[in-house]
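Please work through the exercises below with the structure open beside you, and try each task before reading its solution.

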Number of protein chains: 2
Amino acid sequence: MDDPDAKKKASGMRSAERLLVVLRALNIRNGATVLELNRDTGISRQAIYRILETLQNFGYVRRQDATDRFHLTHLVRRLSAGFKDEEWITDIAAPVLERLVKEVVWPTELAVFSDNAMYIRESTRWRSPFTIDRVTVGQRLPMVASASGRAYLAYCSENERKTILDNLSASEDPFDRLVHRKGYVERALEETRSRGWATGDESFRLHPKTETLAVPILVAGEARAVLPLTYIASAVTAEQIAERHLTQLQSAAREIGTKVQMMQSRDDVANMDAEITPLREAG
Amino acid sequence: MDDPDAKKKASGMRSAERLLVVLRALNIRNGATVLELNRDTGISRQAIYRILETLQNFGYVRRQDATDRFHLTHLVRRLSAGFKDEEWITDIAAPVLERLVKEVVWPTELAVFSDNAMYIRESTRWRSPFTIDRVTVGQRLPMVASASGRAYLAYCSENERKTILDNLSASEDPFDRLVHRKGYVERALEETRSRGWATGDESFRLHPKTETLAVPILVAGEARAVLPLTYIASAVTAEQIAERHLTQLQSAAREIGTKVQMMQSRDDVANMDAEITPLREAG
DNA sequence: TTTTATTGTCCGTTCGACGGACACGATAGT
DNA sequence: ACTATCGTGTCCGTCGAACGGACAATAAAA
């Protein structure tokens with residue numbers, strides 16, 4: 001009875017919500033009058049004045065003198081410039097991983113390449129009952145010794161692989177120095193490609209009892225990230241995991257890859273589904 | 001007396017302001033816990049919860065499951081993607097023009113190149129007592145006939161000039177067709193470069209009584225925009241205007257140019273002067 | 001002149017934001 | 001085990017900020 005509109009939000013701050021709505025409206029129709037914003041958003045004129053004044057205090061909006069239009073300023077970039085392009089994939093992967101952990105009981109992660117190593121960016125470890133180690137987001141994984149690194153190297157572009165291996169040859173990290181072992185990298189990548197998934201070197205273990213298996217996430221045919229699965233070595237073998245879950249892993253990887261590709265191919269992320277949700281009608 | 005804190009803002013909505021502060025804080029330290037945000041911004045924890053919930057409802061923020069950190073999502077781009085790169089220069093020029101109109105009584109404008117013509121993007125006409133026409137923001141100015149177009153063509157890069165003139169040769173616009181007149185463009189540009197400022201063809205007048213004189217705004221040595229000044233032809237000549245105000249015009253143009261250049265050379269607009277202004281201390 | 005459309009501001013009411021207080025869990029030190 | 005410390009999460013009574021109706025002012029249209 002107290003909820004006439006069915007889709008009432010759990011909570012959230014009213015005035016702040018409306019500021020976001022106005023800010024979004026200004027992004028869709030940059031250069032708008034108060035009345036236009038009133039019509040676009042359904043927020044009362046008086047409230048639009050208050051909101052615009054607030055935005056002006058922060059310098060995010062300026063008023064064009066001649067006309068009575070309000071424009072965004074370059075400072076609005078501050079509201080989103082902290083979000084790096086590289087994080088897209090993590091952002092998109094998160095919900096997919098969440099679903100994946102329900103099908104595959106073992107914990108899975110998302111790892112991306114950065115600074116000549118793979119880094120875990122998202123994890124479902126805490127959701128899996130089989131998690132025993134404490135590896136967390138931010139964990140570094142060496143390129144040639146870890147399953148994630150190998151999956152990436154095996155499926156990234158030829159040029160990228162060469163550059164990475166070149167960089168690694170100067171590294172002091174003991175696991176990185178494996179690149180100098182004759183034929184080591186070639187064998188590992190060959191094996192990875194023939195199976196479609198990678199394992200890590202037995203000398204590299206984040207936890208003594210666990211092992212990891214990883215599949216690549218391809219965007220436009222090249223690896224942009226990897227999807228590792230960690231299991232308890234005494235319970236199952238890598239082959240058993242692959243037999244049971246490889247299809248699911250690869251399907252999740254493909255879903256993430258295509259979603260990222262779709263995003264990147266859009267010219268303008270902002271104006272997709274450009275309608276604003278009017279809050280309520282007001283005068 | 002009713003203003004105890006000396007720097008109290010005129011008004012603005014409290015909760016919405018604090019949401020903006022938190023959003024900005026998240027951009028500076030992407031991936032933050034509630035407590036970190038509390039410390040960074042000085043906003044109480046309870047309020048941070050409310051704010052983050054609001055941002056989550058809009059999808060601008062998601063919570064990384066494993067850790068207790070909040071991250072921006074790709075949707076935050078919607079809050080600034082409506083601001084085009086091309087608008088930077090307008091944004092930066094606006095305050096400079098405002099000052100300029102106080103020194104030079106005649107109305108000045110900012111015009112940028114777009115779609116094979118110049119377009120007025122900012123104007124101080126309404127501020128000048130000498131304004132008689134009703135030309136407004138958005139007005140199109142042809143490239144070879146208008147003062148603004150000539151100033152741009154004379155000082156843009158060689159390649160850009162060639163491309164523009166090529167495009168114009170196919171245009172149906174009568175003023176654009178002047179490009180076909182033998183030696184016309186060359187003479188106009190030569191004259192412009194020798195003086196440092198441009199005038200329009202006498203056949204092109206937005207208003208029968210006014211004429212225009214324009215100087216280029218250079219960024220990295222090439223024209224990115226122009227700064228036209230409109231005067232009443234019966235009152236003064238172009239030469240008189242130039243004699244009196246050319247220094248001021250060029251100095252304003254230089255100021256805009258260097259500011260834009262400074263902006264563009266920054267890697268990250270968001271993190272410049274990265275301190276957040278804590279609102280007040282709270283628990 | 002009247003009508004319509006739009007901008008701008010005032011002000012009394014109300015409801016949403018506020019933060020103190022408390023519960024809980026995890027980790028560290030003794 | 002006990003205590004201390006730190007961090008997360010939630011409840012709830014109070015209070016002031018946000019709300020929008022109402023009105024003034026201006027300009028253009030009928």
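**Exercise 1.** Determine what share of the interface residues of chain B are also interface residues in chain A, and then find which rotation superposes chain B on chain A in this predicted model.

*Solution.* Begin with the interface: 100% of the interface residues of chain B are also interface residues in chain A, so the copies meet through the same surface. Next, superpose the chains, which takes a rotation of 180 degrees with 0.1 Å of shift along its axis and leaves an RMSD of 0.1 Å. The two copies are therefore related as by a two-fold rotation axis. Finally, locate that axis in chain B, where the nearest C-alpha belongs to Ala16(B) and lies 2.1 Å from it.

**Exercise 2.** Identify which residues come nearest to DNA strand C, and describe the surface to which they belong.

*Solution.* Of the 18 residues around DNA strand C, those that come nearest are Met13(A), Arg14(A), Leu35(A), Tyr49(A) and Gln46(B). On the DNA side, sugar and phosphate make up 57% of the atoms of DNA strand C that come within 4 Å of the protein. Sorted by character, the residues of this surface are three nonpolar, seven polar and eight charged.

**Exercise 3.** Find which part of DNA strand C, base or phosphate, lies opposite the side chains of Gln46(B) and Arg50(B).

*Solution.* Take Gln46(B) to begin with: a polar atom of its side chain lies 2.5 Å from a base nitrogen of DNA strand C. For Arg50(B), by contrast, the partner of a polar side-chain atom is a phosphate oxygen of DNA strand C, at 3.2 Å.

Definitions and conventions: Residues are numbered from 1 along each chain as its sequence is written. Chains are lettered from A and ligands numbered from 1 in the order in which they are written. This is a predicted model: local features need pLDDT of at least 70, side-chain atom pairs count only at pLDDT 80 or more; totals for chains, interfaces and linings use all residues. Side-chain values use heavy atoms; hydrogens and water are left out. A residue is near a molecule or strand if one of its heavy atoms lies within 4 Å of it. A polar contact is a pair of N or O atoms within 3.5 Å; within protein, one must be able to donate a hydrogen and the other to accept it, and residues adjacent in sequence count only if both atoms are side-chain atoms. Ala, Val, Leu, Ile, Met, Phe, Trp, Tyr, Cys and Pro count as nonpolar, Asp, Glu, Lys and Arg as charged, and the others, Gly among them, as polar. Copies are superposed by least squares on the C-alpha atoms of residues with pLDDT of at least 70 in both. Contact means heavy atoms within 4.5 Å.
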